[in-house]
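The following note was prepared for a colleague who asked for comments on the structure shown below. The points are numbered for ease of reply.

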Amino acid sequence: MTNTAPERSYLELYRDDPERADALAWGRRGTLRGTALASMGAALGATIPFHANMPAGLLPAALAQAPAAQPADAPATLRMDGKAPLILLGDRPLVAETPETMLDEAVTSAARMFIRNNGQVPAPFGDGLAWRLTVDGEVNTPLNLTVGELSQRFEVITRQLQMECGGNGRSQFVPATRGNQWGQGAISCASWTGVRLRDVLNAAGMKPGAVCVAGFGADPHLSGATDRASINRAMPVAKAMDEDTLLAWQMNGAAIPHIHGAPLRLITPGWPGSLSPKWLNRIWVRDRPHDGPGMGGTSYRLPVRPIVPGAENNGADFADMLSMPVRSILSSLGHGARLAAGTRGLDLAGAAWAGDLAVQAVHASVDFGASWQPMNLATAPNRHAWQRWTGRMALPSDGYYEVWTRATDTQGRMQPHVAANWNPQGYGANAITRAAVLVG
Ligand SMILES: Nc1nc2c(c(=O)[nH]1)N[C@H]1C(S)=C(S)[C@@H](COP(=O)(O)O)O[C@H]1N2
Ligand SMILES: [Mo]
């Protein structure tokens, strides 16, 4: 530690062993060591006007979420027709995250929608209206309908709906879990047009023994094996019967882009995105818990009682993840933004959502949570759409700040300070957002 440049060693240490870096920087009694502050000042290149408020054990976001130091570590960029330069998290399967600052549209455009595939991307399917959907299982009358027939037989509606990966926020977990290391950009809120799954299930007539509803997509397994599905999961009947659970063939007033599931997609808003199968060709009503890939064990399941972070667990007593937790994002200012000396006010804007619930408040802090200021929060255009928020924060001087944002849902639950309820596959991390800002 002592004979290397401190900013370098903290960055490296934090990357390799965050808990140890934290303890070294902050000391065990939680008092900020003078040397630690000095070296952080060097690393950050600024004074920290509110350093006295920094809670023990808190590492500045500028270090904790440091931009890649080496070009080799720099995240790759998605290059794809019709898509913005998203952050490429993987190309087999293809996974790409939307930077928070790109999520500044009230309705997410196709270009900026994050991408998550579990299997291969299938070849395009051609005429969308002729695409067929089968509805079978615990129903009185199995159905086989084209998209054209769906649109004629049932009421067609349009809704703005959130679609969020169950693993959104995963990179917050300590220790890190397996899975795509999402920031907070595995979220979209587009405008979807289609028919209610409920109306179609009622037309098929669900039998009393129906317990859950599974959706199947036509994407091949990553291995290419034709007898294996990439992923298919099921939701309880009550969620399938929610008026916002849609069989959609249009997004933002046009055909769904192929990469997002054309010709037909199930949209199950506010629940893990894995319940919104793309390239949908089958709805299977089941008389028992579903056992497709992505069900059971630790998949999309959370501990009922907290477990030791990092501990082995087979998920036997976990419960399925249902509604997603409350979260906010800041879209007007990027993490690591540098502002002109003398800047004394920050105009903030972003979005907040809470799965099946709504958001009742968004607060922001620029003094490490010592004081919080309410932001202006818009109501959602419809249930299951995110809510946009705006506000202005004053800064007393030049220096290093962190903009923290925290949403509260309609049941009073707030985003926690650090990701809670650690679980082996890293679902549901929704800690408050911290964006580092340097003024001057
Ligand atoms: N057929 C199919 N549907 C799928 C997936 C998939 O791998 N195959 N991934 C799911 C997951 S995990 C998520 S988060 C969302 C992502 O949707 P998007 O790529 O349109 O943003 O699609 C879901 N639907
Ligand atoms: Mo996902």
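1. Which polar side-chain atom lies 2.7 Å from a nitrogen atom of ligand 1? It belongs to Asp219. The coordinates under review are those of a predicted model, and every distance in this note should be read accordingly.

2. Backbone atoms also approach ligand 1. An oxygen atom of ligand 1 lies 2.9 Å from a backbone N or O atom of Arg116, and a polar backbone atom of Ser276 is 3.0 Å from a nitrogen atom of the ligand. Taken alone, ligand 1 exposes 530 Å², of which the protein buries 100%.

3. The surroundings of ligand 1 comprise 21 residues. Those that come nearest are Phe114, Asn118, Asp219, His260 and Lys278. Asp219 therefore appears both in this group and in the side-chain pairing with a ligand nitrogen described under point 1.

4. Ser223 deserves a separate comment. This residue is placed in the loop between strand 9 (212–217) and strand 10 (234–236). Why is Ser223 classed as partly exposed? The relative accessible area of Ser223 is 46%, and the class covers values between the 20% limit for buried and the 50% limit for exposed residues.

5. The side chain of Ser223 has polar partners within the loop region. One polar contact, at 2.7 Å, is with the side chain of His221. In addition, a polar atom of the Ser223 side chain lies 3.1 Å from the backbone nitrogen of Ala225.

6. Leaving aside residues up to four places away in sequence, Ser223 touches Gln120 and Arg228. Gln120 is 103 residues from Ser223 along the chain, yet their C-alpha atoms are separated by 8.3 Å.

7. On the protein as a whole, the model contains 7 helices and 25 strands. Of its 440 residues, 51% are buried. Among contacts between residues at least 6 apart in sequence, 71% join residues at least 24 apart. The protein exposes about 18,600 Å², with carbon and sulfur atoms supplying 52% of that area.

8. Confidence should be stated alongside these values. The average pLDDT is 90, and 87% of the residues score at least 70. Over residues 27–33, however, the pLDDT is below 50, and this stretch has 9 contacts in the model beyond near neighbours in sequence. Residues 66–71 likewise stay under 50, with 6 contacts beyond four places in sequence.

Definitions and conventions. Residues are numbered from 1 along each chain as its sequence is written. Chains are lettered from A and ligands numbered from 1 in the order in which they are written. This is a predicted model: local features need pLDDT of at least 70, side-chain atom pairs count only at pLDDT 80 or more; totals for chains, interfaces and linings use all residues. Side-chain values use heavy atoms; hydrogens and water are left out. Helices (H or I, at least four residues) and strands (E, at least two) are DSSP runs, numbered from the N terminus. Buried means under 20% relative accessible area, exposed over 50%, partly exposed in between (1.4 Å probe, protein chains only). Contact means heavy atoms within 4.5 Å. A polar contact is a pair of N or O atoms within 3.5 Å; within protein, one must be able to donate a hydrogen and the other to accept it, and residues adjacent in sequence count only if both atoms are side-chain atoms. pLDDT is the predictor's confidence in each residue, from 0 to 100. A residue is near a molecule or strand if one of its heavy atoms lies within 4 Å of it. Accessible areas come from the Shrake-Rupley method with a 1.4 Å probe; for residues, only the protein chains shown count as cover.
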